[in-house]
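Me: Got a model here that I'd like to walk through with you. Mind if I fire off some questions?

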Amino acid sequence: MSTQHNQFDRRDSALLKEQRGEASYTARKRDTLLSFQLTYWYLKMPVVRALSKVAKKALLAPVCGCQVSAVAVRHVSFSPRQVTSASDASFHSVSFSETDHPKVLITGGLGQLGVGLAKLLRKRFGKNNVILSDIRKPPTHVFHSGPFIYSDILDYKNLREIVVNNRITWLVHYSALLSAVGEANVPLARAVNITGLHNILDIAAEHGLRLFVPSTIGAFGPTSPRNPTPDLCVQRPRTIYGVSKVHAELMGEYYHHRYGLDFRCLRYPGIISADSQPGGGTTDYAVQIFHDAVKTGKFECNLKPDTRLPMMYIDDCLRATLEVMEAPVETLSMRTYNINAMSFTPDELAQEVQKQLPDLQVTYNIDPVRQAIADSWPMNFDDSNARNDWSWKHDYDLPELVQTMLNFIGSDSQVAQAS
Ligand SMILES: NC(=O)c1ccc[n+]([C@@H]2O[C@H](COP(=O)([O-])OP(=O)(O)OC[C@H]3O[C@@H](n4cnc5c(N)ncnc54)[C@H](O)[C@@H]3O)[C@@H](O)[C@H]2O)c1
């Protein structure tokens, strides 16, 4: 067991846990206040005061952690097997032997991607081995499709209880505020995307979980090479969403090197799905066009016709997530990978849709916030490392994507009309 890890055991983890009660309480309180739409400046001062109180307490605590509460002490240690060196491959199957199925928790599971991922994972690992969680009320069909639990990622103790009581071994962390929504509420995005991530990292390290956190094309900025964007390059995003995702990549990799956390991360392109609604991202137009084309024959696009962005059909995205989670550790030369499938502009997408629906009329009404974000993002993603290391390969290019989306939405709207 390395000295570094012992140090975390005895001191850092104890202090983190001690802080956690207050930090998550502060975040939860702030979250509630935010939902009442109080202004940032009204919130800022109490939050800063509360956080500096926490930090001060942590700094004043002795190295032995003897000021830590009894409850916290019971949970401070990483188990010996968890603290073996990151280079020790046996660490990565601490909680999940090849003969067992993993027990998976998905946070933020009611968004665009979570329900589909739960379906895929349940098919593979069994219905009861995959728990969806969110802070929203699940629709009836989701509630009856398998285990669902309330979980606010800002509530550290509740998260820990769920992980312990359900013997979770894999955590897929989907909760986030996406790019456009994040810009509209920076304090909330900061709380959910950054404070929430800290809770997730500590829980995962403490309980030896394999942790998946998605990143995004939004983790790059205007100074990154844009065509194509490689895995390793300058990352100076200009949105709180992008900043929080770079933070997640770096913190996950740091916990991997420092504490042996089995952190795995894919940078998703814009994801296109037919049966789930996008959550307020810059690439949402590429989903909306299909619904409007089928329902009204008209589509107003909020990005310029020549805005090129990397995109992927949801089935490819979810399969990539499962594949990277199952990849043997020795195949992973990195912990954060770009993945890609296709890259197109609104004009190219509209033309492909018009091959099937020639009467579709497309107009443009540019949203300056989304356009500025899109103009700072990659136009093409270089995902050669994922292809080489763990054999990533996409199935859907633009024509298959369009055909699949129209089939799905077309049949869905026929059912709706008939009922
Ligand atoms: N959809 C995409 O195109 C895309 C692209 C790149 C990366 N990603 C990433 O994939 C993940 C999932 O994306 P999505 O499109 O499903 O997002 P989404 O916005 O549709 O869903 C996010 C979910 O998080 C939940 N949430 C918000 N605050 C929470 C909290 N405090 N505690 C628990 N849950 C909370 C929301 O209720 C929501 O259901 C995100 O991390 C996102 O950044 C998505």
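What follows is a run of questions and answers on this predicted model.

Me: Let's start with the overall make-up. How many helices and strands does the chain have?
Reply: The chain runs to 419 residues, and 45% of them count as buried. Among contacts between residues at least 6 apart in sequence, 80% join residues at least 24 apart. As for the elements, the count is 15 helices and 13 strands.

Me: Which helix gives the most to the largest nonpolar core?
Reply: That core has 92 residues, and I106, L171, A204, L211 and I272 are those with the most contacts inside it. The top contributor is a helix spanning residues 186–206, which puts in nine residues: helix 8.

Me: Which residues does L171 touch, sequence neighbours within four places aside?
Reply: L171 is among the residues with the most contacts inside the largest core. Leave out the neighbours within four places in sequence, and its partners are L105, I200, A204, L209 and L211.

Me: On to the ligand. How do the residues of the shell around it divide into nonpolar, polar and charged?
Reply: The ligand is surrounded by 29 residues, the closest being G108, G111, Q112, A176 and G279. Helix 8 and strand 8 each supply at least two residues of that shell. By type, the split is 13 nonpolar, 13 polar and three charged.

Me: Strand 8 also sits in a sheet, then. Which are the edge strands there?
Reply: It's an open sheet of three strands with mixed pairing, in the order 8-10-12. An edge strand pairs on one side only, and that picks out strand 8 and strand 12.

Me: Which residue of strand 10 stands opposite G270?
Reply: Strand 8 covers 270–272, and strand 10 covers residues 309–313. The two pair in the parallel sense over three bridges. Opposite G270 in strand 10 you'll find M311.

Me: Why does L322 count as partly exposed and not buried?
Reply: L322 lies in helix 11, residues 314–326. Being buried takes 20 or more other C-beta atoms within 10 Å, while 12 or fewer would make a residue exposed. L322 has 17, so it lands in between: partly exposed.

Me: How far apart in space are L322 and L121, C-alpha to C-alpha?
Reply: Setting aside neighbours within four places in sequence, L322 is in contact with L120, L121 and R124. In sequence, L322 and L121 are 201 residues apart. In space, C-alpha to C-alpha, the separation is 7.5 Å.

Methods: Residues numbered from 1 in each chain as written. Predicted model: local features only at pLDDT ≥ 70, side-chain atom pairs only at ≥ 80, totals over all residues. Core = buried A, V, L, I, M, F, W, Y, C linked by C-beta atoms within 7 Å. Helix = DSSP H or I, 4+ residues; strand = E, 2+ residues; numbered from the N terminus. Contact = placed C-beta atoms within 7 Å. Near = placed C-beta within 6 Å. Nonpolar A, V, L, I, M, F, W, Y, C, P; charged D, E, K, R; others polar. Pairing = 2+ DSSP bridges.
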